[in-house]
Amino acid sequence: MSQSHGPDHLITNPDIEEYIESFFPPADDVRREMEEYARVNGFPIVGPSVGRLLYQLTLVSGAEEIIELGSGFGYSAYWFGKALSALGRGRVILTDASRDNAEMARDFLSRAGLTDRVEIRVGDALKIFGGEEGLFDIVFNDVDKEWYPPLVGKAYPKLRKGGLFITDNVLWHGRVLSPEDDSPTTGGVREFTKLLFAEPGFYTTILPVRDGVAVSLKL
Ligand SMILES: C[S@@+](CC[C@H](N)C(=O)[O-])C[C@H]1O[C@@H](n2cnc3c(N)ncnc32)[C@H](O)[C@@H]1O
C-alpha cells in the first residue's frame, strides 16, 4: 500500500488540525513552495505540525549531529536545518534512494539558506546509516514502513546517551488497528512499535500528532 497523506488520512480530526495550524506564523516562500509541491504531487511530507515538533526537539536537546532516514525532497530537513541555524552549529545528513528527490532537496535547501547545515546522500538509507561513524544526537526515521523493524536495533548504538530516535507514521493512518490489515507496511509499523517499547535502553512516547510520532530517548 502506498503512503498517502492529506487531511482525510490524518489521525487528528481535520478541523482540529486546521485549528492548530491557524496559530502558526506564515511560512516563508521556500517552505510554502515545498508544501505546495507536496500537495500538488501527493508527496508524503511531515507537514508543519510535525515540522515544528522536529524544530522544537532539536532546540530542546541542543542537537548538533542529526541524520534523517528517508528525506524525500527535504521538507523535514528544512525544519532540522532551520533549528540548527538558530543554534548556530551542527548539520543534518539527508538520505534518500531517489536522486531526483535529492536534487530537489539541494535546490530547496540552498534557496532556504541552509546549504551549510545539510549534507545530502543518495542510496539505501539503512546502508548509509550503517556506514556512518560516530554518534548522532537525533536519528529521524521516515523510510518505507516495511524497513522500520530493524531500525530499532540499528539506531540504538548510533545515538549518544540522551539522544533522540524520532519516528514518523507510527499510527499509520489508523491501519495499525485493523486486524485484517496484514500488509508489509502495517505489519512493519506494528512490529517496529513492539520492538521500540521492548528496548529497555529507550524511553518512548507516542505523540498522536498528525499520523503519530514516536519519540525515544536513549537512556
Ligand atoms: C515519507 S517520504 C519522506 C518525507 C520527508 N521525511 C519529509 O517529511 O519531508 C519517504 C522517503 O524515503 C525514501 N525511502 C524510503 N525507503 C528508503 C530506503 N530504504 N532508503 C532510502 N530512501 C528511502 C523515499 O524515496 C521517500 O522519498
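This section describes the surroundings of the ligand and the strands and helices associated with them in a predicted model.

The shell around the ligand comprises 21 residues, of which Gly 70, Gly 72, Tyr 75, Ser 76 and Ala 125 come nearest. By class, nine residues of this shell are nonpolar, eight are polar and four are charged. Three elements each supply at least two residues of the shell, namely helix H4 (75-87), strand S2 (91-96) and helix H6 (125-130).

Strand S2, one of the elements that contribute to the shell, is mostly covered, with five of its six residues buried. S2 is paired with strand S1 (residues 65-69) through three bridges, and S1 and S2 run parallel. Within this pairing, Ile 67 is positioned opposite Ile 93 of S2. S2 is also joined to strand S3 (residues 118-122), in this case by five bridges, and S2 and S3 likewise run parallel. Here Asp 96 stands opposite Val 122 of S3.

The connections between these strands pass through helices. From S2, the chain crosses through helix H5 (residues 99-111) to S3, and this β-α-β crossover is right-handed. S1, H4 and S2 also form a β-α-β unit, which is right-handed. Helix H4 of that unit is, in addition, among the elements that supply at least two residues each to the shell around the ligand.

Definitions and conventions. Residues numbered from 1 in each chain as written. Predicted model: local features only at pLDDT ≥ 70, side-chain atom pairs only at ≥ 80, totals over all residues. Near = placed C-beta within 6 Å. Helix = DSSP H or I, 4+ residues; strand = E, 2+ residues; numbered from the N terminus. Nonpolar A, V, L, I, M, F, W, Y, C, P; charged D, E, K, R; others polar. Buried ≥ 20, exposed ≤ 12 C-beta atoms within 10 Å, placed from the backbone. Pairing = 2+ DSSP bridges. Right-handed = clockwise from strand over helix to strand, strands pointing away.
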